[in-house]
Amino acid sequence: MNNITTLSYEKPRFFTPGVWVITLLASVGLLSLLVRFIFGLGAVTNLDNQYPWGIWIAVDVACGVALAAGGFMTALIAHIVHGKGYKSVIRPALLTATLGYTFVALGVLTDLGRYYNMWHILLPKYWSPNSALFEVGMCVASYLTVLYIEFLPIVVDRFKGRVNLPGMLKTFNGFFERFLKILDVSLKKVMTIFIILGVVLSCMHQSSLGTLMVLASVKVHPLWQTPILPLLFLLSAFVVGFAMVIFESLIASKSFNLKPEVKVLSRLSRFIPILLLIYLTAKLIDMVTRETYVYLFTASLDSIMYWIEIIIGIAIPFTILMFEKYRNNQTWLFTAAASVIFGVVLNRINVYLIGFTPLYVDKPYFPAWTEIAVTVGFISLIILLYRFFALNFPVIEDMEN
Amino acid sequence: MGIERREFLKTLAIASGTLAGVSSLKASDKAKLNPDRFGVLSDLTYCIGCRKCEWACNEANDLPNQPLDSFSDTSVFEQMRRPTSEKYTVVNSYADKGLDGGALNVKVQCMHCENPPCVSACIVGALRKHPDGPVTYNASACIGCRYCIITCPFQIPTYEYEKVLTPQVRKCTLCLERTIENEQLPACVEVCPTEAIIFGHREELIDVAHERIKKNPDKYIDHVYGEHEVGGTSWMYLSNQPFNEIGFPELSDNSPAELTESIQHGIFKGFSGPIMLFSLLGIIMKVMKKEEENE
């Protein structure tokens, strides 16, 4: 494989058998989405007055935001702290974050009963500074804008110097070239502000997604319900940001027949055990303070889920990444990153769904197949769009040579 | 479980207090409430389970209704019911362990909290606490996120999932139009044949409740449910049986809204937190860049 990349690298075609399967899943998701907008939430979801939030909020939104944290974490490491040698992971992480947040917004839109009123959050007369959700909404909206601005240079790079409009439009080629040049220069001037702004906005809403469930008080199981939930959400977002960069980079290398960037990723992975330790310490101090260890051995679904979260999400990746030889091994690196991601995803689902117990329950919530189809469809679309941009825009360095 | 949960609530309350203290901020710019705001006192020992209140509520709020006679059917008591988007109030029946061995009936509806978590939760201010007591809902502002339903400590607001374009959050309005705008009684109170529910100024009702307990200490549990729960509610109950045995949740005296609002305002007051972080990152960026150039 090494030889292929160094000698003559040929970009793979967009469609492969795997991509066809993903396209099929995306189509089923889009059809379910259509049904949702034509026949309403009741027709496609199992949501009720006991469980007003299902997997669209728990997975598409809560997990989506956490998993898109790679964008601001690489910005922090590469641009702000000026860590060297991380350049190759910046753009892939940025692409993931941009796509991730776009679909978080779409996920919210799908879930809202009156989605056409979503713009209300921008109107001062509706502003509700007491609401953690208001803060999340404003931050996600602002951060999405910031992400698009951060993404613009990739678009500019793609077309700069090769604007080639067909037929009649040819006369505008010069105009667009000049426009791109001006855009390029001005973006470089202001980008610093947007990069820092992106990190600040991320810290704000990553944590507020935790505050959100503090207000649900006794409905969230004591194993997860804590006033420091915002801190725990922020810390776990830091960890999973790095894990996502490693995970997606290794998958992309395989998918695009590139040499995996084990060296960069291994350096990046050194942060994970440190952050995991901080995260775990915060969790343990909180547990001891609130004496919630009594719930650890109750053999309930909650306690089992909590243990899986701790063992697979924290203990295993921590152990693996403590050893340099494993950090330099592609397979171990991938395993560790995947288990961190699994742990954080499970944590969000635990806080938003499994640990959420209404006071009076007629029937427990399990997502309808159409709810699952929409979620899977959105994830499939993210993968397809990632592939499209990676193949057609200057995102992955090795593919450009 | 109940006791452990209460312990947990205590810690939450303590944490809330500490946070509020640390941030030295007012927990919330609490809605300014009228001192003579309204409330309802429900004396469960007076209730005969006739469910006329359900009928009157449906009438007053244009909800689907049935003839009044059909409400004497007690077979509905076999199952515990909850309010729905087409029924703002329901009466549930519990075996009365008291002297006469009858039934103890509990009318369930929005409690109209003094510091309502749903109002604190609402992203667009569609839910508001009226200074005179009711928690009101403005459908035209609502975006339909249903966060209010997530946060309600009494699990009251319901949603019209089956509606395609204009679903609403539905719950008891405390008959705002009748009571505050037309000086009438709430429909349920007006129809009640035994004065099991009485409408009045909240502070006075609290006095009435304690007076009744004092006069009949053997009959009543010495607890006015709703006087302090989640910071107090407009709707309050008297009972001759422990409240946790007849479907009432055990709740802390603090509104969960106090805790989250002190977290939010502690971090974001005047944007001090974000601005500090922004400056800090800016400085780090400058310093590191200089170092890089020097190398």
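Start with the lining of the largest pocket in this predicted model, and colour its residues by type: 34 are nonpolar, 9 polar and 6 charged. The space inside this pocket comes to about 1,500 Å³. To find its centre, select A:Val59, A:Leu67, A:Val345, A:Thr375 and A:Ile379, which are the closest to that point among the 49 lining residues.

Next, show the helices around this pocket. Those of chain A that give two or more residues to the lining are H2 (17–39), H4 (55–67), H6 (87–111), H9 (229–255), H12 (301–321), H14 (330–354) and H15 (369–392). Highlight H15(A) in particular: the largest share of the lining, 10 residues, comes from this helix.

Now move to the second largest pocket, where about 1,100 Å³ of space lies. Centre the view on A:His79, A:Ile90, A:Arg91, A:Met191 and A:Ile195, the closest to the pocket centre of its 35 lining residues. Which elements give two or more residues to the lining here? From chain A, select helix H5 (70–80), H6, helix H7 (132–159), helix H8 (173–214) and helix H16 (397–400), and from chain B add helix H9 (272–294). H8(A) supplies the largest share, 6 residues. Colouring this lining by type gives 14 nonpolar, 9 polar and 12 charged residues.

Leave the pockets and turn to a sheet in chain B. Select its 3 strands, which form an open sheet with mixed pairing in the order S8-S1-S9. The edges are strand S8 (197–201) and strand S9 (235–238) of chain B, each of which pairs on one side only. On average, neighbouring strands of this sheet are turned by 25 degrees against each other, direction ignored.

Then pick out strand S1 (residues 38–43) of chain B, which pairs with S9(B) in the parallel sense over 4 bridges. For a residue view of these strands, select B:Asp43 and look for B:Leu238 of S9(B) standing opposite. Add helix H7 (residues 202–215) of chain B, which packs on the sheet and touches S1, S8 and S9 of chain B. The direction of H7(B) makes about 130 degrees with that of S8(B).

Finally, colour the model by pLDDT. In chain B the mean is 88, and 88% of the residues reach 70 or more. Select residues 1–13 of chain B: pLDDT stays under 50 throughout, and the model has 22 contacts for them beyond four places in sequence. Residues 15–29 of chain B are also below 50, and this stretch has 22 contacts in the model beyond near neighbours in sequence.

In chain A the average pLDDT is 93, with 98% of the residues scoring at least 70. The stretch to select there is residues 1–5, where the pLDDT is below 50 and the model has 7 contacts beyond near neighbours in sequence. Where pLDDT is low, predicted coordinates should not be read in detail.

Technical notes
Residues are numbered from 1 along each chain as its sequence is written. Chains are lettered from A and ligands numbered from 1 in the order in which they are written. This is a predicted model: local features need pLDDT of at least 70, side-chain atom pairs count only at pLDDT 80 or more; totals for chains, interfaces and linings use all residues. Side-chain values use heavy atoms; hydrogens and water are left out. On a 1 Å grid over the protein atoms alone, a cavity is a set of points where a 1.4 Å probe fits but cannot get out, and a pocket is an open set with protein on both sides within 12 Å along at least five of seven lines; lining residues have an atom within 4 Å of a point. Grid points are joined across faces, edges and corners, and a volume is the space filled by probe spheres set on the points. Ala, Val, Leu, Ile, Met, Phe, Trp, Tyr, Cys and Pro count as nonpolar, Asp, Glu, Lys and Arg as charged, and the others, Gly among them, as polar. Two strands pair if DSSP finds at least two bridges between them. Axes are lines fitted to C-alpha atoms, for helices over the stretch in contact, and angles run from 0 to 180 degrees between N-to-C directions. Contact means heavy atoms within 4.5 Å. pLDDT is the predictor's confidence in each residue, from 0 to 100.
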